[in-house]
Amino acid sequence: MSDRIQKATPLSFDALASIFDDQRSLPTEAQSALYHVFADAASDGPLRIVEPGAGTGRIAILALAAGHHVSAIDVSRPMLDAFSARLESLPNLASRATLLVRDATALPLDDDNFDIGILAQVLYLIPDWARALDELFRVVRPGGEVMLAQERSTMSPALRERDAAWRMAVESVGYRHMPQQPDDAEAVAALEQRSKRTAEQVVATWSFGQTCADADAGPQRLRPLYETLDDEKWKVAVERFGQWQRAHPVDAETWLGGSVELMLVRGTVPEGQR
Ligand SMILES: C[S@@+](CC[C@H](N)C(=O)[O-])C[C@H]1O[C@@H](n2cnc3c(N)ncnc32)[C@H](O)[C@@H]1O
């Protein structure tokens, strides 16, 4: 990881760009619900939207599809390259998209330049996350909106137990999970502190999961998430997890799942804050 990226985020997404959409794409109903949020906001014509940490464009593409102009900022070039590749087959959308490799804490953008700013699943990746939020409030005009899109998930007991065992196995060979800071509640409180008023809505809910047999078929699938572990340590972590599984046998058809609520928390940018 280069020093520049290391400073902007302790977890680089460079190695994840090729698998992000496979693993994290939103279900069709959630995409449709979010598209309608953006389409409703377009009643007065196309808006200027900025999304720091836009990644492969999972959210930004829906705003583009609703007719808006989107500036997508991300510290990871491979993530934005994947976004760019998606836009190749969507020339109408591409003409309204600007993609910039930059850090969310130092946006290369003028004050009051956007109608809406969005942060989706990114604040906890940024050590100076409060500054990233301040930057977004700086570039969105007074009366405009800053939105937090939060995926709030709940795991079934079987998945929670397995997840804890896996985390312990990778941590036993030196992997350090990032603290979830800010957590969802802290991020909402920080938005409220900076906003004139706020509103919260559940945009979509869905279930996820797989059988234990399917999950067992592919720990290798998770390998790109642990690029800081060398192959030897990875092998030991997988073996230790295997030992835990043998000590806690479950039926191959056991469902490892949970549910997700996609929340949109919106804050209005106050007048005269500078
Ligand atoms: C979990 S992904 C979410 C992507 C997108 N917002 C979405 O919901 O699909 C987080 C993204 O934030 C980016 N990121 C992390 N730290 C950043 C920073 N300091 N400045 C800009 N982008 C950052 C990562 O490179 C990654 O693409």
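1. Let me start with alanine 72 in this predicted model. Setting aside neighbours within four places in sequence, alanine 72 is in contact with Glu51, Ala54, Gly57, Ala60, Leu80, Phe83, Ala97 and Leu99. Alanine 72 also stands out in the largest nonpolar core, where Ala63 and Ala72 are the residues with the most contacts inside it. That core has 54 residues, and its largest share, six residues, comes from helix α7 (residues 129-139).

2. Now to the sheet, which is worth tracing strand by strand. It is open, has seven strands with mixed pairing, and runs in the order β3-β2-β1-β4-β5-β7-β6. At the edges stand β3 (97-101) and β6 (198-211), each with a single partner strand, so one side of each has no neighbour in the sheet. From one strand to the next, the twist averages 15°.

3. For a closer look at one pairing, take β4 (residues 114-120) and β5 (residues 140-155). These two strands pair in the parallel sense over six bridges. If you would like a residue to anchor the register, glycine 117 has valine 146 in β5 as its bridge partner.

4. Two helices that pack on the sheet deserve a mention. Helix α8 (residues 157-172) touches β5 and β7, and its direction makes about 90° with that of β7. Helix α3 (residues 28-40) touches β6 and β7 (255-268), with a direction at about 165° to that of β6.

5. On the overall fold, the secondary structure comes to 11 helices and seven strands. The radius of gyration is 20 Å, close to the 19 Å that the globule rule gives for 274 residues, so the protein is as compact as a globular protein of that length. Along its principal axes, the C-alpha trace spans about 60 × 40 × 40 Å. Of the 274 residues, 31% count as buried. Among contacts with a separation of 6 or more, 81% are between residues 24 or more positions apart.

6. Some backbone details are worth checking on your screen. The peptide bond from glutamine 181 to proline 182 is cis, with omega near 5°, and proline 182 lies in the loop between α8 and α9 (184-194).

7. Please look at two positive phi values as well. Aspartate 112, in the loop between β3 and β4, has a phi of about 55° although it is not a glycine. Glutamine 121, in the loop between β4 and α7, has a positive phi near 55°. Aspartate 112 has 15 C-beta neighbours inside 10 Å and so counts as partly exposed; glutamine 121, with 15 such neighbours, also counts as partly exposed.

Notes
Residues are numbered from 1 along each chain as its sequence is written. This is a predicted model: local features need pLDDT of at least 70, side-chain atom pairs count only at pLDDT 80 or more; totals for chains, interfaces and linings use all residues. Two strands pair if DSSP finds at least two bridges between them. Helices (H or I, at least four residues) and strands (E, at least two) are DSSP runs, numbered from the N terminus. Axes are lines fitted to C-alpha atoms, for helices over the stretch in contact, and angles run from 0 to 180 degrees between N-to-C directions. Two residues are in contact if their C-beta atoms, placed from the backbone, lie within 7 Å. A nonpolar core is a set of buried Ala, Val, Leu, Ile, Met, Phe, Trp, Tyr and Cys residues joined through C-beta atoms within 7 Å. A residue is buried if 20 or more other C-beta atoms lie within 10 Å of its own, exposed if 12 or fewer, and partly exposed in between; C-beta atoms are placed from the backbone. The radius of gyration is taken over C-alpha atoms; the globule rule is 2.2 Å times the number of residues to the power 0.38.
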